[in-house]
Amino acid sequence: MKRHLISAGDLSRDDALLVLDTAEELAQVAERPIRKLPTLRGRTVVNLFYEDSTRTRISFEAAAKRLSADVINFSAKGSSVAKGESLKDTALTLEAMGADAVVVRHPASGAPHRLAGWVHGSVINAGDGTHEHPTQALLDAFTMRRRLGRLEGLRVTIAGDVLHSRVARSNVLLLHTLGADVMLVAPPTLLPYGVSSWPCETGYDLDSALPKTDVVMMLRVQAERMNAAYFPTVHEYSRRYGLDVSRMALLPEHAIVMHPGPMNRGVEIAAEVADSPRSTIVEQVSNGVSVRMAVLYLLLGGAAGEDGAGVDR
Ligand code: NCD
């Protein structure tokens, strides 16, 4: 494994499988009466969040705590960032506090990459702009493998606002590495420029994609990132690209429905679909903790000595 996790493309097939297998072992900790391991005792993990987050921030915090690390939560609101402090100065402050890992979410694509040049600890990208969200892709792959038993040859349809989605890019890269076949489905206005060079297929018609799909992943319409009209009306979007009960019926019997959250119920996904037994949305959240434990363990403690205190990576 590399020292940082900035892009899903940083992971070789062996690295990715190691994370998933380690997560599988660590998931057992959640079933014990005491959900804690001493592995990262004495190490410090900083959660540096410049953008709103519920699941990802809480999940990283729970993961670090289950491994006994000290956790410092930093959110841009209420900090000196509001006074105009730069990312670099903030990073140097964290460094001075002895952060072994910095988990960063930032509205600017590329911010974690810059940060990695300034700090000595490991940088983990928890979502940068419209670029990447590698731990989300790992937890999605973990969820698919748990539900369907394999990733190799799996047909995955990712549908919706691909243009503004960091989840889509990370999933395409990781799933391709792991041997799945990905198809992106969106209105032409919501597919990014250059998507033809991504290792996946693209299409505009959800109804024709669903019957040959093992996994359908619905993406949130990211209104907060939209500065123009990308589709005529929400109703129109929902009619063509929303997953409702009748559209879900086009899926093969065994197929599962995923969504990274937060959902716009009634827009990209109907409430009945989100709450159906085929939906893995709640599992994705609990699997997120195991996967993030695995990432922290492998980046910070994995190559350490018996006492878990080594820094040999
Ligand atoms: C995603 C994100 O923040 O990129 N959510 C998440 O991390 N669970 C997707 C989204 O915001 O729609």
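A ligand between two domains

The shell around the ligand takes at least three residues from each of domain 1 (8-133 + 285-299) and domain 2 (134-281); the bounds come from an automatic or database domain assignment. This is a predicted model, in which local features need pLDDT of at least 70 and side-chain atom pairs count only at pLDDT 80 or more, while totals for chains, interfaces and linings use all residues. Residues are numbered from 1 along each chain as its sequence is written, and side-chain values use heavy atoms, with hydrogens and water left out.

The C-alpha centres of the two domains are 25 Å apart. Across the boundary, 33 residues of domain 1 are in contact with 29 residues of domain 2, where contact means heavy atoms within 4.5 Å.

The residues around the ligand, each with a heavy atom within 4 Å of it, include Thr56, Gln136, Val167, Arg220, Gln222, Pro260, Gly261 and Pro262. By class, the shell has three nonpolar, five polar and three charged residues; Pro and Val count as nonpolar, Arg as charged, and Gly as polar.

Three side chains of the shell can be followed to oxygen atoms of the ligand. An N or O atom in the side chain of arginine 105 is 3.1 Å from a ligand oxygen. For histidine 133 the corresponding distance is 2.7 Å, and for arginine 166 it is 2.7 Å. Taken alone, the ligand exposes 320 Å², of which the protein buries 94%; these areas come from the Shrake-Rupley method with a 1.4 Å probe.

How values were computed: A polar contact is a pair of N or O atoms within 3.5 Å; within protein, one must be able to donate a hydrogen and the other to accept it, and residues adjacent in sequence count only if both atoms are side-chain atoms.
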